[in-house]
Structure formats: C-alpha cells, structure tokens
Amino acid sequence: KGIVVWFMKMFYQKCPQISEDYRVRHINFEKQINMIKDLEKEKKAIYIYPTKTSNVTRLGGSREELEELYELGRHDMEARKEEIVELFGINA
C-alpha cells in the first residue's frame with residue numbers, strides 16, 4: 001500500500017488531492033458503510049452486498065467469475081425484491 005501511495009504522489013504531482021483521497025479511501029469507505037447501516041436501521045436505505053464471496057477483485061477476474069458474480073447479484077436482488085419495492089413505495 002505504501003508503494004502505491006508513493007506512486008500516486010509521483011504520478012499525480014499536479015493534483016495532490018488525488019493521492020490524498022487514495023490514501024484515506026479505506027477510512028471514507030468505513031464511514032460510508034456505517035452511514036448506510038444507520039440509514040438501514042431507520043428504514044431509509046437498504047444495504048445490498050453479495051451473499052457469497054467471490055474471486056473477483058477491483059482489478060479483475062476471469063470471464064466465468066465475472067458472470068457468476070453478475071448472476072449472484074441478480075439472484076440477490078430478486079431475493080430482496082419485496083424489501084426494495086417497499087422502500088421505494090413501488091406498486092409491483
């Protein structure tokens with residue numbers, strides 16, 4: 001991680017905010033997840049995430065792994081369809 005931050009600073013010398021944002025992205029991610037969980041408790045949001053782990057990373061995966069993850073997402077959303085419809089007040 002340190003080498004990536006260093007690389008970001010060198011590559012984006014004219015835009016130091018980019019490397020700073022990258023350096024604290026994990027902190028911002030945790031804040032956002034906590035915000036979503038708080039909103040979920042208030043019935044103002046739904047925290048949607050894959051129900052199974054995947055080998056797909058931010059940088060990629062095989063075509064088959066990506067297709068499996070896509071299908072998992074479709075299945076997970078279908079399983080929570082009523083919850084989603086209720087949140088948005090949609091007549092389905």
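**Figure 1. The whole chain: five helices and zero strands make up the protein.** Helices here are DSSP runs of H or I with at least four residues, strands are E runs of at least two, and both are numbered from the N terminus. This is a predicted model, where local features need pLDDT of at least 70 and side-chain atom pairs count only at pLDDT 80 or more, while totals for chains, interfaces and linings use all residues. Residues are numbered from 1 along each chain as its sequence is written, and side-chain values use heavy atoms, with hydrogens and water left out. Walk along the sequence and you get α-α-α-α-α. The protein is more spread out than a compact globule, because its radius of gyration is 18 Å, well over the 12 Å that the globule rule gives for 92 residues. (That radius is taken over C-alpha atoms, and the rule is 2.2 Å times the number of residues to the power 0.38.) Along the principal axes, the C-alpha atoms fill a box of roughly 50 × 35 × 20 Å. Buried residues make up 13% of the 92; buried means under 20% relative accessible area, exposed means over 50%, and partly exposed is in between (1.4 Å probe, protein chains only).

**Figure 2. A nonpolar patch made by I3, V4, W6, F7, M10 and F11.** This surface patch covers about 650 Å². Patch members have over 30% relative accessible area and no salt bridge; nonpolar side chains (Val, Leu, Ile, Met, Phe, Trp, Tyr) are joined within 5 Å, like charges within 9 Å. Areas come from the Shrake-Rupley method with a 1.4 Å probe, and for residues only the protein chains shown count as cover. Look for F11 in helix 1, which runs over residues 2–11. F11 counts as exposed, at 56% relative accessibility.

**Figure 3. S19, a residue of helix 2.** Helix 2 takes in residues 16–23. Is S19 buried or exposed? S19 is buried, with just 6% relative accessible area. Leaving out residues up to four places away in sequence, S19 touches M8 and K9; a contact means heavy atoms within 4.5 Å.

**Figure 4. Helix 3 and the residue K43 just after it.** Helix 3 has 17 residues (25–41), which should span 24 Å at 1.5 Å a residue, and its end C-alpha atoms are indeed 24 Å apart. (The expected span is 1.5 Å times one less than the number of residues.) K43 sits in the loop between helix 3 and helix 4. Its phi is near 60 degrees, a positive value in a residue other than glycine. K43 is exposed, at 69% relative accessibility.

**Figure 5. The salt bridge between E40 and R80.** Side chains of opposite charge can pair when their charged atoms come close. A salt bridge here is a side-chain nitrogen of Lys or Arg within 4 Å of a carboxyl oxygen of Asp or Glu. The whole structure has six of them. For E40 and R80, the N to O distance is 3.9 Å. E40 lies in helix 3 and R80 in the loop between helix 4 and helix 5, so the pair ties together parts that are 40 residues apart in sequence. E40 is partly exposed at 27%, and so is R80 at 21%. A network of salt bridges links E40, R80 and E83.

**Figure 6. R63 and E67, a salt bridge in helix 4.** The closest N and O atoms of R63 and E67 are 3.1 Å apart. These two residues are four apart in helix 4, about one turn of the helix. R63 is exposed at 63%, whereas E67 is partly exposed at 41%.
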